[in-house]
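Grab a pencil and work through these exercises with the structure open next to you. Try each task before you read its solution.

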Amino acid sequence: MTFIQLLASLTPVISVMLFLVLLKMPASRAMPISAILTGLAAVFIWQMDSTFLAASVVEGLLAALTPLSIIFGAVFLLNTLKYSGAMDTIRAGFTNISADARVQVIIICWLFGSFIEGSAGFGTPAAIGAPLLVLLGIPPIAAAVVALIADSASVSFGAIGLPVLFGMEQGLTSGGVNMAAAQIAEHGGSFADYAQFIAMHMITIDMVTGTLIPLVIVSLLTGFFGRNKSFAEGFAIWKFALFAGLAFTVPAWMINYFAGPEFPSVIGALVGMAMVIPVAKKGYLLPEQPWNDFADAPSHRAGKVEGKTQFSQVAAWTPYLVMAALLVLSRVVAPLKAWLVSFNISWTGLLGTELKAGFATFYAPGAFFVAVCILGFFLFKMKPAAIKESVTVSCRSMVPTIISLGASVPMVKIFLNSGENAAGLTSMPVALADTMAASMGAVWAWVSPIVGIFGAFLSGSATFSNMMFSGLQYSVADNIGMNHAMVLGLQGIGANAGNMMCVMNVVAAATVVGMAGRESEIIRKTMPVALAYAMIAGTIAFLWGGF
């Protein structure tokens with residue numbers, strides 16, 4: 001690969017970093033520019049087939065329907081709760097568990113968010129958790145940042161284990177043959193058994209890195225967004241934060257060990273909430289004085305609520321409870337899943353190519369959001385004017401997000417499909433990874449998770465990152481004598497870290513908290529944490545052995 005070709009393959013990364021992060025453009029401007037530059041680089045330097053490029057754009061536009069439906073649903077639910085008055089009840093419930101914003105962030109983002117990640121994945125936790133924090137009076141940008149960072153360790157087992165069980169299997173399979181066949185035979189004979197072995201490496205490393213995440217998010221909350229800009233104010237609840245971290249990671253480790261990678265995040269989060277919420281209510285492991293001293297303090301940030309609210313806690317939480325139930329049932333009840341998937345709208349042979357795309361109309365979480373919103377209309381006895389306001393505000397807020405994702409997803413598809421070219425090159429991501437592997441094999445313990453971050457940052461999904469790079473990671477392990485499962489585990493952990501800063505998740509989080517246009521500010525806060533998460537994981541893996 002020549003230097004010019006290297007620059008061409010880096011166009012999506014360089015342009016996103018330049019326009020979105022450095023020049024601080026809103027995503028609705030930065031992403032269309034980045035997509036155009038990526039397309040030009042693909043055609044004129046990578047010599048990508050123009051028909052395939054056009055088909056990739058169409059594929060990307062169709063693929064964007066799923067995240068857009070999730071974001072719209074999350075915004076719609078937030079506005080339904082707002083205009084019905086149910087948000088006041090939810091706020092009262094959480095403040096009566098603890099008036100401490102640090103505790104609320106841990107329970108909502110780390111534990112409840114992990115449950116949603118395990119059930120649905122694909123950016124849903126931040127889309128649900130960040131608005132809940134805003135309901136409680138946490139500044140919108142702070143809510144988006146901590147929700148994105150918290151959605152990390154649980155991603156390994158997101159969407160009922162999809163990143164490992166599907167993403168890695170697809171990434172290791174070519175022409176119907178899995179390159180890890182020998183390892184699979186050694187570890188039980190099926191890929192599910194080998195996936196469990198890989199996941200053990202991931203969750204064991206996360207016994208350190210993941211357990212620290214609650215402490216990290218509360219320290220960032222107080223250090224970046226507190227009135228005193230004091231990280232120490234977050235660190236002050238280190239006992240409770242570490243307890244909350246272990247309350248998830250230990251059960252998750254045990255579930256993966258005994259049952260496999262489908263349910264560690266779901267069950268680990270449920271066990272964690274059952275342990276952490278009573279401790280928070282009693283004030284154990286916490287300072288006497290709660291903290292909620294924000295630099296930009298919303299007017300409704302308050303202590304415990306003693307007065308009556310319009311709805312009961314059960315009624316106010318019913319939309320979220322129904323949403324969680326639908327997510328779990330639709331993923332684990334085979335007949336229901338098959339029925340929902342049967343409503344898939346699919347397009348094959350896009351523009352005469354082998355590319356295809358689809359939109360799982362009823363299976364996508366966005367459909368569940370809309371369903372529970374309609375339930376909320378009746379449950380909360382909303383007046384027509386309130387319903388109209390909820391719908392109108394939700395639709396209006398989606399305009400910049402539609403532009404952002406309508407450009408970023410096609411850009412990713414061009415990047416991924418660039419292997420169809422006249423220059424005889426592999427696709428851009430594979431060529432980049434090959435170059436890194438050839439020059440950095442000696443420090444692959446630290447490079448491996450960076451590759452995972454790179455994949456998730458551009459594709460918007462840990463599953464897609466694993467699909468892109470698991471084969472490369474396995475080949476590198478073969479060539480330089482590394483532990484295969486460890487390298488694949490680091491790929492997965494890197495993909496988790498990339499989840500904190502990938503464009504699609506950041507756009508989604510910014511939109512649902514009403515901060516569309518400030519994506520660069522969010523990425524500048526989450527990127528150092530993602531890189532640190534990956535580097536610590538690489539160090540643990542190096543010390544563990546196998547490198």
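**Exercise 1: An aromatic pair**

Count the aromatic pairs in this predicted model, then work out which geometry F311 and F380 have and which parts of the chain they tie together.

*Solution.*
- Start with the count: the chain comes to 17 aromatic pairs.
- Now zoom in on F311 and F380, whose ring centres are 4.9 Å apart. Pairing asks for centres within 6.5 Å, so this one makes the cut.
- Next, the angle. The planes meet at 55°; stacked would need under 30 degrees and edge-to-face over 60, so the pair is tilted.
- Then find the addresses. F311 sits in the loop between α16 (264-282) and α17 (313-332), while F380 is in the loop between α19 (365-379) and α20 (384-397), so the pair ties together parts that are 69 residues apart in sequence.

**Exercise 2: Buried or exposed?**

Sort F311, F380 and W253 into buried, partly exposed or exposed.

*Solution.*
- You need the cut-offs: buried is under 20% relative accessible area, exposed is over 50%, and partly exposed is in between.
- F311 has 14% relative accessibility, so call it buried.
- F380 comes in at 4%, so it's buried too.
- W253 has 27%, so it lands in the partly exposed group.

**Exercise 3: The neighbours of W253**

Find the helix that holds W253 and list the residues that W253 touches, leaving out those up to four places away in sequence.

*Solution.*
- Scan along to helix α15, residues 238-259: that's where W253 is.
- With residues up to four places away skipped, W253 touches M200, I203, T204 and M207.
- Now check a distance to M202. This residue is 51 residues from W253 along the chain, yet their C-alpha atoms are separated by 9.3 Å.

**Exercise 4: The whole chain**

Work out how compact the chain is for its length, and how much of it is buried.

*Solution.*
- First, the parts list: 27 helices and four strands.
- The radius of gyration is 22 Å, close to the 24 Å that the globule rule gives for 547 residues, so the chain is as compact as a globular protein of that length.
- For a feel of the dimensions, the C-alpha atoms fill a box of roughly 70 × 50 × 50 Å along the principal axes.
- On burial, 59% of the 547 residues count as buried.
- Finally, look at contacts with a separation of 6 or more: residues 24 or more positions apart account for 79% of them.

Definitions and conventions
Residues numbered from 1 in each chain as written. Predicted model: local features only at pLDDT ≥ 70, side-chain atom pairs only at ≥ 80, totals over all residues. Heavy atoms only, no water. Helix = DSSP H or I, 4+ residues; strand = E, 2+ residues; numbered from the N terminus. Rg over C-alpha atoms; globule rule 2.2 N^0.38 Å. Buried < 20%, exposed > 50% of the residue type's maximum accessible area, 1.4 Å probe, protein only. Contact = heavy atoms within 4.5 Å. Phe/Tyr/Trp six-rings, centres within 6.5 Å; stacked < 30°, edge-to-face > 60°.
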